[in-house]
Amino acid sequence: GNLSYYKMVERMNCIQNQETIANRHLMKNKVAAFIITGGQDNIQAVAGQMLGFFAEVGCQFAQFPYIAHSRGWSAEDMANNVRAVQRSQELREGARGLVERSVDMAKLMITGQVREIELVRGGRKAHELNVQAEP
């Protein structure tokens, strides 16, 4: 369904919990990319939510990290959307390019050197703030 990504994010919340509660980094050297189909008005919202969530749990993104397809404002029928995607050579090429960019980013992350840092959790849930009471 069109809300299935919400369920995925809810289940993956355990990854974020490990960051905030146990200071354990479960997502290292991971690249995320997305193929989004559906209604015209929802594609950018879904992309923004997915990019935000996966960034928060430690993923990186290649340049142009998603491809999206919609048949337009008046075509909200997923069966025909899926059929149009399956038949489109242009969309296959776009998906191939997305995979290639993502693999290149993953290779860069694995072979490169980014120093380990201590996670500073200011502003995040499960972070105890040391606030001094005003006199």
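Colleague: How many aromatic pairs does the count come to?
Modeller: Keep in mind that this is a predicted model. Rings pair here if their centres lie within 6.5 Å. By that rule, the count of aromatic pairs comes to 3.

Colleague: Take phenylalanine 34 and phenylalanine 54: is that pair stacked, edge-to-face or tilted?
Modeller: The centres of phenylalanine 34 and phenylalanine 54 sit 5.4 Å apart, with 55 degrees between the planes. Stacked needs under 30 degrees and edge-to-face over 60. So 55 degrees fits neither, and the pair of phenylalanine 34 and phenylalanine 54 is tilted.

Colleague: Which elements does that pair link?
Modeller: Phenylalanine 34 and phenylalanine 54 are 20 residues apart, so to speak distant parts of the chain. Both are buried. Phenylalanine 34 lies in strand E1, and phenylalanine 54 in helix H2 (residues 40–56).

Colleague: And what angle lies between the planes of phenylalanine 53 and phenylalanine 54?
Modeller: Phenylalanine 53 and phenylalanine 54 are both buried. Their ring centres are 5.4 Å apart and the pair is edge-to-face. That label takes over 60 degrees, and the angle for phenylalanine 53 and phenylalanine 54 is 90 degrees.

Colleague: Which residues form the aromatic cluster?
Modeller: Phenylalanine 54 pairs with phenylalanine 34 and also with phenylalanine 53. The one cluster is made up of Phe34, Phe53, Phe54 and Phe61.

Colleague: Back to the strands: what is the bridge partner of isoleucine 35 in E2?
Modeller: Strand E1 (residues 34–37) pairs with E2 in the parallel sense, over 4 bridges. E2 (residues 66–69) has Ile67 and His69 on its covered face, with Tyr66 and Ala68 on the uncovered one. The partner of isoleucine 35 is isoleucine 67.

Note on methods:
Residues numbered from 1 in each chain as written. Predicted model: local features only at pLDDT ≥ 70, side-chain atom pairs only at ≥ 80, totals over all residues. Heavy atoms only, no water. Buried < 20%, exposed > 50% of the residue type's maximum accessible area, 1.4 Å probe, protein only. Helix = DSSP H or I, 4+ residues; strand = E, 2+ residues; numbered from the N terminus. Pairing = 2+ DSSP bridges. Phe/Tyr/Trp six-rings, centres within 6.5 Å; stacked < 30°, edge-to-face > 60°.
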